[in-house]
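Reader: Hi! I'm new to reading protein structures, and I'd like a close look at a single part of this one. Could you walk me through it in a connected way?

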Amino acid sequence: MDNSALKVLIVEDEVKLARFVELELKHEGYEVIVANDGRSALEKFEEEAPKIILLDLMLPGLSGIEVCRRIRKTSDVPIIMITAKGEVMDKVMGLDNGADDYITKPFAIEEVLARMRVALKHKRTSAAAEGEKKLTVKDLTLDLGKRTVKLGEHNIDLTKREFDLLAYLIKNKNIVISREQILNKVWGYDYFGETNIVDVYVRYLRTKIDDKYNEKFIHTIRGVGYYVKDDEE
Ligand code: CA
């Protein structure tokens, strides 16, 4: 495999070990960035957009677990934790906080390379599966890969946010979803605006779909939230 386009971020405070792994990965053709603590790991992650991360959990200051948690808020980049022997709780916490795999110190470089290949392959496979996925309810079809919407033969133009909102409601069809749940999932936890933004976007969707094609897709449960109804289930 040609690794030249693949940028790896190594987060490790043991400078000698970081250097050793860096040289081995460069030898394999990877492009390598090194961070020696949690803060600089987050900075380098933002600046360099690595394709995979090797993350030591025992770091001074900001812990590896915290680094993992913060990166997972915005990214599904593969993260392989590096843990000390016997630190079972570290492994559990790391996996709970979104790490994909772990390697225990001391390790052979061949094991690191093998686990990196697996994590990268898994990432590609799941991205491809997501790319082919379609959501349907009645005559409405959302293509999640192409991000297109069709009602029967009609193409419907939606903005990114409208599309994400409709996709989320259809993924959970026949379940009533509260405004807060919608805000968290579609707008993200960092959204601090008015919750009535959800009502505004539901109105946009109704204008573009329900009103135009005289079909009721999005239903309101007053004081609770919204749902998309599919009679066939
Ligand atoms: Ca360490």
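Author: Happy to! Helices (H or I, at least four residues) and strands (E, at least two) are DSSP runs, numbered from the N terminus. Please keep in mind that this is a predicted model.

Let's look at the three-stranded sheet and the helices around it. The sheet is open, its strands come in the order β10-β12-β11, and the pairing is antiparallel. Its edge strands are β10 (177-178) and β11 (218-221), each of which pairs on one side only. Between β11 and strand β12 (residues 225-228) you will find four bridges, and these two strands run antiparallel. To see this on your screen, look for Ile221, which stands opposite Gly225 in β12.

Now add the helices. Helix α6 (residues 160-171) lies across β10, β11 and β12, and runs at about 75 degrees to β12. Another helix, α8, lies across β11 and β12, running at about 145 degrees to β11.

Helix α8 also has a helical partner. The axes of helix α7 (residues 179-187) and helix α8 (residues 196-213) come within 9 Å and cross at roughly 80 degrees. Angles of 65 to 115 degrees count as roughly perpendicular, so α7 is roughly perpendicular to α8. Which residues meet there? From α7 come Arg179, Ile182, Leu183 and Trp187, and they meet Ile197, Val198, Asp199 and Tyr201 of α8. Sorted by type, the residues of this contact are six nonpolar, no polar and two charged.

On the way from helix to sheet, pause at the loop between α6 and β10, which is the place of Asn174. Asn174 is not a glycine, yet its phi is positive, at about 70 degrees. Why point this out? Most residues other than glycine have a negative phi. As for its surroundings, Asn174 counts as partly exposed because its relative accessibility is 33%.

You can find a similar case earlier in the chain. Arg147 lies in the loop between β7 (140-143) and β8 (148-151). The phi of Arg147 is near 60 degrees, a positive value in a residue other than glycine. With a relative accessible area of 39%, Arg147 is partly exposed too.

So, to retrace the part you asked about: the open sheet has the order β10-β12-β11, α6 lies across β10, β11 and β12, and α8 lies across β11 and β12.

Notes
Residues numbered from 1 in each chain as written. Predicted model: local features only at pLDDT ≥ 70, side-chain atom pairs only at ≥ 80, totals over all residues. Heavy atoms only, no water. Axes fitted to C-alpha atoms, helices over the stretch in contact; angles between N-to-C directions. Parallel < 35°, antiparallel > 145°, perpendicular 65-115°, else oblique. Contact = heavy atoms within 4.5 Å. Nonpolar A, V, L, I, M, F, W, Y, C, P; charged D, E, K, R; others polar. Pairing = 2+ DSSP bridges. Buried < 20%, exposed > 50% of the residue type's maximum accessible area, 1.4 Å probe, protein only.
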